[in-house]
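Here are some exercises to work through with the model open in your viewer. Try each task before reading its solution.

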Amino acid sequence: MRDYHLPGRSPVLATNGMCATSHPLAAKVAIQILESGGNAVDAAIAGAVLLGICEPQMTGIGGDAFALVKHPGSDKVIALNGSGRAPAGLTASDLREDGHSAIPLTSAHAVTIPGAVDAFCALSKAHGRAGLATSLAPAIHYAEAGVPVAPRTAFDWALATDTLQGSARDAYLMGGQAPRPGQIFRAPRQAEVLRRIAQDGRDAFYEGEIAEDMVNALTAAGGPHTLDDFARTACTWTDPVSGSYKGADLTEHPPNGQGATAILLLNILREFDIASMDPLGAERIHIEAEATKLAYDARNRLIADPDHTARLDHMLSADTAVRLAALINPARAMPDPAPLTEAVHKDTIYITVVDRDRMAVSLIYSIFHSFGSGIASDRFGILLQNRGAGFTLAEGHPNEAGPGKRPMHTIIPAILGGEGRPTMPFGVMGGAYQSTGHARFVSNIMDFGMDPQTAIDAPRAFADAGHLKVERGYPDDIRAKLADMGHKIEIPEVAIGGAQAIAIHEDGVLEGASDPRKDGCALGY
């Protein structure tokens, strides 16, 4: 139980249905869908697409999505891969010959074909109840009417305005500036796109005038994209990967997502007595940071397009974790793993919904970096992701850029459970941090008995790019102890990630938690 003398949030409790996400309007819309008879899939799509209007620097229909879905009356979880592929004309060798060692973040070469729209259409058709038009109606309305820009959204928006180029500056800036909190943002041209998708499905987006608009913008920027690349886009139904930690079962999305990294990280942490440590102490941060370095080194070498990830079993193996844990010095920091040539990011949205039938959806949706590639289509203003920057240009690497390949993704939805029952859909935003964030969240609950809201509220640290980023929620003496261990300490300008979760209790009560680092909330009915 939290100390009511201090700032904080209580968990949100309800019985019929719940949504937790990073903007209150999206949570409200999702609940309205549930109240009107829709299911968790209908509500999650409605909230997610609306988040592209509420937080356009984080996500949008020019991006990708992943989802885990637990069916009502069943413990089975299925995974949907809605990540797009590189155009057929993209080759790493051509980029190397042009002098590139990594894919430029704001170039057309960084734009993979957006996969989210196809995923939403497939998800609605296979598992929705109310229909795609119902799910898209709220986003269509608010894209036209506008939404007041929330404070955290305005903060992030202002940090990334220089990314926007050409017509994207007209669509996403106001008088050449980022909007202030409370200013109304409208996207009427996107409303028209969504209206066409609601009427004609995925073909309205991947063929015809809308696809032509995106291809024209990309070819004008030097990209190899074609209408055939867009028409071929198709999401993939697949099976999740899973692991266990002290009685908890963790279900993650398989490659090309980095979910296996979270499982490996927890397997490493299992070799240490984390529960005996101070949950906010330097010792725990140090062990977690060292485990992160080792797990991410494996990720950087192995995770790629599913057709090119050959050693997934090695990452999930307990023996691998035991060998890696033995490399950790409890008193001294090791060097960071070799840096990625591909890019990682910190911008995405996550939404989770549970309905009265206990269908649960864990969904994550992103345009990669803040405002993605910065390239928007001229006619419809569709901002295009730069997810292709997640490829490497290293020759022979499993994640080497290539025609029709999916890049390694940092975004991962998850579901926690026990005794074979999935009971808590959750997600942690924050790009590369997400695997560490999943492990930290699970450890907070299993090692220290925290409720989901407390587990989310707790301060964070992350070993990243040669530094140990330590939030201001930790006191200075903790940072000093970590520096004495050899860590290069950095207080990040932006809080580390964000998180949402819904616990499904045996007595039928739903418990929602939402990260105060974001603008959002959990709502139930």
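A polar contact is a pair of N or O atoms within 3.5 Å; within protein, one must be able to donate a hydrogen and the other to accept it, and residues adjacent in sequence count only if both atoms are side-chain atoms. The model is a predicted one, where local features need pLDDT of at least 70, side-chain atom pairs count only at pLDDT 80 or more, and totals for chains, interfaces and linings use all residues. Residues are numbered from 1 along each chain as its sequence is written, and side-chain values use heavy atoms, with hydrogens and water left out.

**Exercise 1.** Work out where Asn267 sits and what its side chain makes a polar contact with.

*Solution.* Start with the element: Asn267 belongs to helix α12 (residues 259-269), helices being DSSP runs of H or I with at least four residues, strands runs of E with at least two, numbered from the N terminus. Next, check accessibility: Asn267 comes out at 5%, so it counts as buried (under 20% relative accessible area; exposed is over 50%, partly exposed in between; 1.4 Å probe, protein chains only). Then look for polar partners: its side chain pairs with that of Arg270 at 3.1 Å. Finally, leaving out residues up to four places away in sequence, Asn267 touches Ser244, Leu316, Ser317 and Ala321 (contact means heavy atoms within 4.5 Å).

**Exercise 2.** How many of the residues of α12 are buried, and what covers them?

*Solution.* Count first: eleven of the eleven are buried, so α12 is largely enclosed by the rest of the structure. Then see what lies against them: the cover includes strands β8 (241-245) and β9 (248-252), along with helices α13 (282-302), α14 (312-316), α15 (318-325) and α16 (434-448).

**Exercise 3.** Is Asn386 buried or exposed, and which backbone oxygens does its side chain reach?

*Solution.* Place it first: Asn386 is in the loop between β11 (360-366) and β12 (413-418). Its relative accessibility is 0%, so Asn386 counts as buried. Now the polar partners: the side chain of Asn386 gets to the backbone oxygen of Leu105 at 3.2 Å, and one of its polar atoms is 3.5 Å from the backbone oxygen of Gly372. Beyond four places in sequence, the contacts of Asn386 include Ala110, Phe368 and His369. As a last step, take the C-alpha to C-alpha distance to Ser366: 9.9 Å, with the two residues 20 apart in sequence.
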